[in-house]
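Me: Please take a close look at one part of this structure, the surroundings of the ligand. I would like a connected account that also places the part within the whole protein.

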Amino acid sequence: MNTLTTTPLAPLLDRLFEEAAAAEMDPAVADLPDEERARLMRSKTGYRELYGRLKNAALAVSRETATLLYMLARSCGARTIIEFGTSFGISTLHLAAALRDNGGGRLITSEFEPSKVARARHNLTTAGLIDLIEIREGDALQTLSVDLPDTVDLLLLDGAKALYSEILHLVENRLKPGALLVADDAAYCPDYLERVRSPANGYMSVPFGGDVELSMRIS
Ligand SMILES: C[S@@+](CC[C@H](N)C(=O)[O-])C[C@H]1O[C@@H](n2cnc3c(N)ncnc32)[C@H](O)[C@@H]1O
């Protein structure tokens with residue numbers, strides 16, 4: 001028995017993943033030419049425009065990646081987690097379930113779309129996990145630049161792809177050897193990949209499951 005596979009979280013996740021699949025492509029971005037979409041995904045300044053268009057879309061990690069997040073957070077006994085990119089809170093729910101099953105902890109997550117913050121808060125409340133969560137509303141470049149825990153056991157990067165290196169920089173001095181980093185859709189951020197794939201920078205790193213980069217702090 002664990003929090004992830006029992007009520008109330010398990011049926012809530014089934015519903016949220018079903019809704020996310022049904023609304024896979026938001027009409028607001030379906031019109032965007034592929035090159036423009038790719039440009040905005042890589043842009044360090046156009047991300048507000050892109051995610052504004054996507055404010056009604058869950059954009060959740062895959063079900064496999066979500067389960068992986070729960071397993072990683074459980075196996076490293078995580079007590080402190082930072083998440084860049086909350087959206088409707090699907091990944092947050094998995095990480096919070098792991099914290100609950102680890103005996104408690106703190107998860108700081110960041111989202112700049114107010115309607116998404118409200119939806120995530122509602123989902124986390126429905127799951128009975130809101131007591132473990134601090135949702136920081138606003139641009140993570142600002143909200144994650146202050147008042148972080150002394151140590152961070154796991155960092156999930158799933159906001160604007162072009163900012164992964166900047167967000168890592170904000171959290172890096174809290175990552176002790178063994179801390180885990182999970183970056184979704186990491187192929188969009190070559191500067192981040194270059195950084196975590198170089199052992200000289202203090203990381204071991206492997207691509208995983210097609211769209212995830214899994215890294216570990218080694219020094
Ligand atoms: C891919 S979605 C996150 C999905 C979520 N992790 C999940 O699996 O359920 C990315 C989210 O990050 C938010 N976001 C992007 N850049 C951000 C930034 N600089 N600060 C705060 N939120 C940001 C977007 O509004 C969007 O909701």
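**The ligand shell and its setting**

Reply: S87 is a useful place to begin, since this residue lies in the loop between β1 and α6, with helices (DSSP H or I, at least four residues) and strands (E, at least two) numbered from the N terminus. This is a predicted model, in which local features need pLDDT of at least 70, side-chain atom pairs count only at pLDDT 80 or more, and totals for chains, interfaces and linings use all residues. Residues are numbered from 1 along each chain as its sequence is written, and side-chain values use heavy atoms, with hydrogens and water left out.

The phi of S87 is near 55°, which is positive although the residue is not a glycine. A second backbone feature lies in the segment before α1 (9–22), where P8 is placed: the peptide bond that joins T7 and P8 is cis, with omega at about 10°. As background, most residues other than glycine have a negative phi, and most peptide bonds are trans.

The two elements that flank the loop of S87 also take part in the ligand shell, for β1 (80–84) and α6 (90–102), together with α4 (47–53) and β2 (106–111), each supply at least two of the shell residues. There are 25 residues around the ligand, counted when a heavy atom lies within 4 Å of it, and V61, G85, S91, E111 and D158 come nearest. By residue class, the shell consists of 12 nonpolar, seven polar and six charged residues, with Gly counted among the polar ones.

Three polar contacts (N or O pairs within 3.5 Å) add detail to this picture. One nitrogen contact of the ligand, at 3.2 Å, is to a polar backbone atom of F112, while a backbone N or O atom of A160 also lies 3.2 Å from a ligand nitrogen. The side chain of K116, in turn, places an N or O atom 2.9 Å from an oxygen atom of the ligand. On its own the ligand has 610 Å² of accessible area, of which the protein covers 99%, as computed by the Shrake-Rupley method with a 1.4 Å probe.

Around this site, the protein as a whole has 10 helices and seven strands, and its C-alpha atoms fill a box of roughly 45 × 45 × 30 Å along the principal axes. Its radius of gyration of 16 Å agrees with the value near 17 Å for a compact globule of 219 residues, the rule being 2.2 Å times the number of residues to the power 0.38, over C-alpha atoms.

Key:
A polar contact is a pair of N or O atoms within 3.5 Å; within protein, one must be able to donate a hydrogen and the other to accept it, and residues adjacent in sequence count only if both atoms are side-chain atoms.
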